[in-house]
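Dear colleague,

Please find the structure below, together with its sequence. My notes on what was found in it follow directly after.

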Amino acid sequence: MNRIVIDGNTIDSREALFHALRSQLGEDRLAGNNLDALHDCLLDISTDTSIIVENFNLLEEKLGRYALSLKKVLSAAYA
């Protein structure tokens, strides 16, 4: 099983979020720096993958409503 970790301690911007995701998902998988691209990417993953969000409260402090939108995208992709 693949394990992707998003840590609110280390992410302080949208750019940092997508950099962390691309480094774990692979540059070629995540084509854009937006949540629509992330959603499409997650739906295309064929291997068993879990995404763990650590320190979500810190992520929300730093990214505001964008962190809540990220949470919705992750929930929708794994519903």
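**Notes on the helices**

L68 has a relative accessible area of 33%, so this residue counts as partly exposed. The model is a predicted one, and the values in these notes are computed from it. L68 sits in helix α4. Leaving aside residues up to four places away in sequence, L68 touches F56 and E60. Its C-alpha atom lies 22 Å from that of S23, and the two residues are 45 apart in sequence.

E60, one of the residues touched by L68, belongs to helix α3. E60 is partly exposed, because its relative accessibility is 33%. When residues up to four places away in sequence are not counted, E60 touches A67 and L68. From E60 to D48 there are 12 residues in sequence, and their C-alpha atoms are 27 Å apart in space.

**How α3 meets α4**

These contacts belong to a wider meeting of two helices. On the α3 side the residues are F56, L59, E60 and L63, and they meet R65, Y66, A67, L68, L70 and K71 in α4. By type, the residues of this contact are seven nonpolar, no polar and three charged. At what angle do α3 and α4 pack? The angle is about 130°, and the axes of the two helices are 6 Å apart. With that angle, α3 is oblique to α4.

N57 is also found in helix α3. With a relative accessible area of 48%, N57 counts as partly exposed, because exposed residues have over 50%. N57 and S75 are 18 residues apart in sequence, and their C-alpha atoms are 17 Å apart.

**Helix α4 as a whole**

Helix α4 covers residues 65-77, which makes 13 residues. At 1.5 Å a residue the helix should span 18 Å, and its end C-alpha atoms are 19 Å apart, which agrees. Which residues of α4 are buried? They are Y66, A67, L70, V73, L74 and A77. Looking down the axis of α4, one finds these buried residues within an arc of 115°, so they line one face of the helix. They pack against β1 (2-7), α1 (14-25), α2 (35-44), β2 (49-54) and α3 (56-63).

The other side of α4 carries the exposed residues R65 and K72. K72 counts as exposed because its relative accessibility is 63%. The C-alpha atoms of K72 and H39 are 9.8 Å apart, although the two residues are separated by 33 residues along the chain.

**Helices α2 and α1**

Helix α2 can be described in the same terms. Its buried residues are L35, A37, L38, C41 and L42. Viewed down the axis of α2, they fall within an arc of 155°, so they line one face of the helix. The face turned away from this buried side holds D36 and D44, which are exposed. The buried residues of α2 pack against α1, β2 and α4.

Helix α1 has 12 residues. From its first C-alpha to its last, α1 reaches 16 Å, close to the 16 Å expected at 1.5 Å a residue. Within α1, the buried residues are L17, F18, A20, L21, R22 and L25. Among the elements that cover them are β1, α2, α3 and α4.

**Two backbone positions**

Two residues have a positive phi that deserves a remark. Most residues other than glycine have a negative phi. Where is N55 placed? N55 lies in the loop between β2 and α3. Its phi is near 55°, a positive value in a residue other than glycine. N55 is partly exposed, as its relative accessible area is 31%. The second position is G26, which comes just after α1 and takes a positive phi of about 110°.

When you examine the model, I suggest starting from L68 and E60, which touch each other, and then following the contact of α3 with α4. The buried face of α4 may be viewed next, followed by the buried face of α2.

With kind regards

Technical notes
Residues are numbered from 1 along each chain as its sequence is written. This is a predicted model: local features need pLDDT of at least 70, side-chain atom pairs count only at pLDDT 80 or more; totals for chains, interfaces and linings use all residues. Side-chain values use heavy atoms; hydrogens and water are left out. Helices (H or I, at least four residues) and strands (E, at least two) are DSSP runs, numbered from the N terminus. The expected span of a helix is 1.5 Å times one less than its number of residues. Buried means under 20% relative accessible area, exposed over 50%, partly exposed in between (1.4 Å probe, protein chains only). The arc is that of the directions from the helix axis to the C-beta atoms. Contact means heavy atoms within 4.5 Å. Axes are lines fitted to C-alpha atoms, for helices over the stretch in contact, and angles run from 0 to 180 degrees between N-to-C directions. Angles under 35 degrees count as roughly parallel, over 145 as roughly antiparallel, 65 to 115 as roughly perpendicular and the rest as oblique. Ala, Val, Leu, Ile, Met, Phe, Trp, Tyr, Cys and Pro count as nonpolar, Asp, Glu, Lys and Arg as charged, and the others, Gly among them, as polar.
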